[in-house]
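Me: I would like to go through the salt bridges in this structure. Please keep the answers short.

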Amino acid sequence: MLKKVILMVCDGLGDRPVKELGNLTPLEAAKTPNLDKLAAKAECGLMHTLGRGKTPGSDTAHLTIFGYPIDQCYSGRGPIEVAGLGLKLQGGDVALRGNFGTVGDNLIIKDRRAGRILEVEPLTRALDGMDVDGVKFIVKPGTAHRAGVIMRGKGLSGAIVDADPHVPDVPVRTVTATDDTPEAKRTADILNKFLLQAHEVLKKHPLNAEREKDGKLPANFLLVRGGGQYKELVHFKKKYDLTACCIAGGGLYKGVGAFLGMDIIDVPGATGLPDTDIEAKFKTVLQKLQEYDFVFVHVKAADSLSEDGNWEGKRDFIEKIDAAAALLTDLSAETLLVVTADHSTASEMKAHCADPVPIMFYGGGGESIRIDNVTAFNERACAAGGLGHIVGLDVMPQVQNLLGKLHLVGA
Ligand code: ZN
């Protein structure tokens, strides 16, 4: 009987045929004996994560795969990234992510990352807890020059533009509302006031005085972006009655896990980059499976490589995933392994696309699963699989079905 679940998401794994690879996709061109061995004992198919003809972002794709409809749960990148910094969101909070940057006269941006400052904790501490017109600002450091901001108070809205213009040598953007509700106007006004007050605090901060003395750029402005209002949601554990943890290198994916209430497991060497230690991640997956019912593991770099147009690098990275996947070919009989991607990324376009991704459901014991005739894990082979074409929101119901956790519909 299947009891435990590993969900492996290889970011941007799907692709289109590439002429230079003999009209194969990078996944088809890669030698993947371990993934193929798993596919031969799995039920396979193709997944249109957000539905046919929709190009998924990584954040919306992941929420959907976990069974959270984005029209109800998604309100931008801010809340997800802020959750990933370990901040607990409350319904109605507006969350933003941001950079500490350097501005000069008239708030003209000199550097969006303040000379890539490495430590911003003393600066966030100086801003954390500020109150503007009854709205409390919670400010916490992210990695390097990054930070997360929560606006907490009544009558707020996420319908605001970024203060960060995303380019240097122009002034900081005044935040405005993107709809005509009084809540959006109020949120924009209060945020503008906060950013100017924060600028005054940062200008005088001893850390910046020290930086300027050393000839470094002061981190004197918080360039915020990605604002979104958090809508309260039922955490993964409660929704599915499964204890869950998240193993990921990239901040966004840790954020998705934290956003859904999963425990975040840090693995040394998991960088979210092509040099990431996939074996260390998979070893941690097997360890954590003793402790948790559901282990989500994310592998990032196939996506980044295709966004660089590097199909050969993507093919080689897929071979690296496959080599590490040898660790997953001897799972216990009670373990269900689901392998898929969040979306396809077309290397020739250097962009996400709406082409469906391969997915397989593999049961460690070879029981419970309707093993089909697919013997390779790739886009075209999986098209012939028993699952046919599914959408992202089908994944968790199928997991629950295989675990015997679905309720009877009707009598
Ligand atoms: Zn992605």
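Reply: First, a term. A residue counts as buried under 20% relative accessible area, as exposed over 50%, and as partly exposed in between. Note that this is a predicted model.

Me: Is Arg-315 buried or partly exposed?
Reply: Arg-315 has a relative accessibility of 22%. Buried would require under 20%. So Arg-315 counts as partly exposed.

Me: Which residue does Arg-315 meet in a salt bridge?
Reply: The N to O distance in this pair is 3.1 Å. The cut-off is 4 Å. The partner, at 41% relative accessibility, is partly exposed. It is Asp-316.

Me: How many residues apart in sequence are the parts that Arg-16 and Asp-355 tie together?
Reply: The closest N and O atoms of Arg-16 and Asp-355 are 3.1 Å apart, in a salt bridge. Arg-16 lies in the loop between strand S1 and helix H1, and Asp-355 in the loop between strands S14 and S15, so the pair ties together parts whose separation is 339 residues.

Me: Glu-28 forms a salt bridge with Arg-380. Which of the two counts as buried?
Reply: Glu-28 sits in helix H1 and Arg-380 in helix H14, 352 residues apart. Arg-380 has a relative accessible area of 47%, which makes this residue partly exposed. The partner is at 16%, and buried means under 20%. The buried residue is therefore Glu-28.

Me: Which residues are linked with Lys-300 in a network of salt bridges?
Reply: Salt bridges here come to a count of 20. Some form a network that includes Lys-300. Its other members are Asp-11 and Asp-303.

Technical notes. Residues are numbered from 1 along each chain as its sequence is written. This is a predicted model: local features need pLDDT of at least 70, side-chain atom pairs count only at pLDDT 80 or more; totals for chains, interfaces and linings use all residues. Side-chain values use heavy atoms; hydrogens and water are left out. A salt bridge is a side-chain nitrogen of Lys or Arg within 4 Å of a carboxyl oxygen of Asp or Glu. Helices (H or I, at least four residues) and strands (E, at least two) are DSSP runs, numbered from the N terminus. Buried means under 20% relative accessible area, exposed over 50%, partly exposed in between (1.4 Å probe, protein chains only).
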